[in-house]
Amino acid sequence: MTYLLDAAPGAGPQVHALVIGVGAYRHLRGGTDPVRYDTMVTRQLTSPPVSALAFADWIVDGLRHPVAEPGSVDVLLSPGEAQGPDGRVREVEVPSADAVQRAVDRWWSRCDSHPDNVALFYFSGHGLDNGSPLLLLEDFARSRNRILDAAVDLHGLVQGMRSCRAGHQYFFLDACRERTARLDRLRDTHTLPLLDIQDGPERRSDLTVVPAALSGGSAYADRHQVSDYTRALLDALTGRAASLLAGRWRVTSLALYEAVYALTRTAPPTQVPGMNVHGDSVLHVLQGPPQVPLGVRCDPDAAAPLADVSLSALAAAGGKPVLELHDTVWRTVAPAGVYTVGVEFPSGHYAAPFPAGVHAFHPPDLEYTVAVERAR
């Protein structure tokens, strides 16, 4: 086992995370023990271990739950190494089927210790779909006649966690959901049995499941970089999903999905994340206003290159961000908040109202348009 965080069990609620990133597949082409039969997916991957470690590091260093204290972050990566903030490379347990079974048992037990615990599950790697997302582990395709016995059925895992006392459960899946001819020919699929699915009342009050793609869809990443989905997820958690509630900037389950959806839809190539959200609890509380990209447009667009645009924060400690013109939008990165917008035209070709306006730049409304008139 490899814990990036392993706090002592507490009397109160804690956050317990299981993070898996599979890039090196033993039995796929280029692996240490490749097979010759149809494995449905073939490529080795470079983004999943990078993405998984980025998410795990954020949990350790950035997550601030309103109630639950830091508990544990268990990480499995393939290749089995991780570089820490100090640059030192550490060996990490590889997410084979057997290792993941043991990790899920540890995670379930820790999560079950308190009814207000927060359970976080993250997976990045190859995925398939047969009506449920299938998450392919490091030794996937180890058996020709039981092709999915090293694959996790997401629905089965989510249903198995019904019996766990952790009241708040989150599942983030950074994987494609491809359908293949061989998968469609399977009359029955025997995936890795992780948890018994038990009858009884629903014990959790909040459930959030956000796959990176819809059934049949793809998830994208550049080589050796954090994936598009995980980058959107981290951007959402650190501010793009934040809203100001009772004087505190918070990220809720529903706002998190909406921000991830918007960010992945606007970054080419487009992918469409799925959603299953029951409840809208607060996952993360920011220490202050998030740093977010702000934009000011002119209507018409042709006026933007001729304008001098300024923002002045209404809060006393705000200051004046410096904007730069990008195409037809004046942009900057600054704390979310309420700003006075100033627009002037030294050339005199256009005229703007003075002041141009006051706008609350709060996610997701981070752009403001000023209607200007051509000078007569």
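# Pockets, rings, bonds and bridges

Modeller: The lining of the largest pocket divides into nine nonpolar, nine polar and five charged residues. The model is predicted.

Colleague: How many residues line the largest pocket, and which lie nearest its centre?

Modeller: The lining has 23 residues. Arg43, Leu45, Cys176, Ala219 and Ala221 lie nearest the centre. The space inside is about 400 Å³.

Colleague: Which residues lie nearest the centre of the second largest pocket?

Modeller: Arg240, Glu258, Ala259, Ala262 and Pro364, out of 14 lining residues. Two elements, β12 (242-245) and α6 (253-266), each give two or more residues to this lining. The largest share is that of α6, with six residues. The volume of the second largest pocket is about 310 Å³.

Colleague: How does the lining of the second largest pocket split by class?

Modeller: Nine residues are nonpolar, three polar and two charged.

Colleague: Now the rings. How many aromatic pairs does a search of the whole structure find?

Modeller: Nine.

Colleague: Why is the pair of Phe55 and Phe172 called edge-to-face?

Modeller: Take the centres, then the planes. The ring centres are 5.8 Å apart, and the limit for a pair is 6.5 Å. The planes stand at 65°, and edge-to-face needs over 60 degrees. So Phe55 and Phe172 are an edge-to-face pair.

Colleague: Where in the chain do Phe55 and Phe172 sit?

Modeller: In distant parts. Phe55 is in helix α1 (residues 47-61) and Phe172 in strand β10 (residues 168-174), 117 residues apart. Phe55 and Phe172 are both buried.

Colleague: What makes the pair of Phe345 and Tyr350 tilted?

Modeller: The angle between the planes is 45°. Stacked needs under 30 degrees and edge-to-face over 60, so this angle falls to the remaining class, tilted. The centres are 5.5 Å apart. Phe345 and Tyr350 are both buried.

Colleague: Which residues form one aromatic cluster with Phe55?

Modeller: Tyr122, Tyr170 and Phe172.

Colleague: Next, the cysteines. How do you know that Cys164 is in no disulfide?

Modeller: The structure holds zero disulfides. The cysteine sulfur nearest to Cys164 is that of Cys111, 5.0 Å away. A disulfide needs the sulfur atoms within 2.5 Å, so Cys164 does not qualify.

Colleague: Is Cys164 buried or exposed?

Modeller: Buried. Its relative accessibility is 0%, and the cut-off for buried is under 20%. Cys298, at 2%, also counts as buried.

Colleague: Which peptide bonds are cis?

Modeller: One joins Ser78 and Pro79, with omega about 5°. Pro79 sits in the loop between β3 (69-78) and β4 (81-83). Another runs from Pro363 to Pro364, with omega near 0°. Pro364 belongs to the loop between β22 (357-361) and β23 (367-371). Pro364 is also one of the residues nearest the centre of the second largest pocket.

Colleague: What is the phi of His224?

Modeller: About 65°, a positive value, although His224 is not a glycine. His224 is placed in the loop between β11 (206-211) and α5 (228-240). Asp327 has a positive phi too, near 60°. The loop of Asp327 lies between β18 (324-326) and β19 (329-335).

Colleague: Why does Asp327 count as exposed?

Modeller: Asp327 has 68% relative accessibility. Exposed starts over 50%, so Asp327 is exposed.

Colleague: Last, the salt bridges. What is the count?

Modeller: The count comes to 15.

Colleague: How do you know that Arg142 forms a salt bridge with Asp139?

Modeller: The closest N and O atoms of Arg142 and Asp139 are 3.3 Å apart. The rule asks for within 4 Å, so the pair qualifies. Asp149 also forms a salt bridge with Arg142, at 3.2 Å.

Colleague: What makes Arg142 partly exposed?

Modeller: Its relative accessible area is 34%. That lies between 20% and 50%, so Arg142 is partly exposed. Its partners are buried: Asp139 at 5% and Asp149 at 17%.

Colleague: How far apart are the closest N and O atoms of Arg204 and Glu202?

Modeller: 2.7 Å, in a salt bridge. Arg204 counts as buried at 7% relative accessibility, whereas Glu202 counts as partly exposed at 41%.

Colleague: Which residues are linked in a network of salt bridges?

Modeller: Asp74, Glu93, Arg102 and Arg106.

Terms used
Residues are numbered from 1 along each chain as its sequence is written. This is a predicted model: local features need pLDDT of at least 70, side-chain atom pairs count only at pLDDT 80 or more; totals for chains, interfaces and linings use all residues. Side-chain values use heavy atoms; hydrogens and water are left out. On a 1 Å grid over the protein atoms alone, a cavity is a set of points where a 1.4 Å probe fits but cannot get out, and a pocket is an open set with protein on both sides within 12 Å along at least five of seven lines; lining residues have an atom within 4 Å of a point. Grid points are joined across faces, edges and corners, and a volume is the space filled by probe spheres set on the points. Ala, Val, Leu, Ile, Met, Phe, Trp, Tyr, Cys and Pro count as nonpolar, Asp, Glu, Lys and Arg as charged, and the others, Gly among them, as polar. Helices (H or I, at least four residues) and strands (E, at least two) are DSSP runs, numbered from the N terminus. Rings of Phe, Tyr and Trp (its six-membered ring) pair if their centres lie within 6.5 Å; planes under 30 degrees apart count as stacked, over 60 as edge-to-face and the rest as tilted. Buried means under 20% relative accessible area, exposed over 50%, partly exposed in between (1.4 Å probe, protein chains only). A salt bridge is a side-chain nitrogen of Lys or Arg within 4 Å of a carboxyl oxygen of Asp or Glu.
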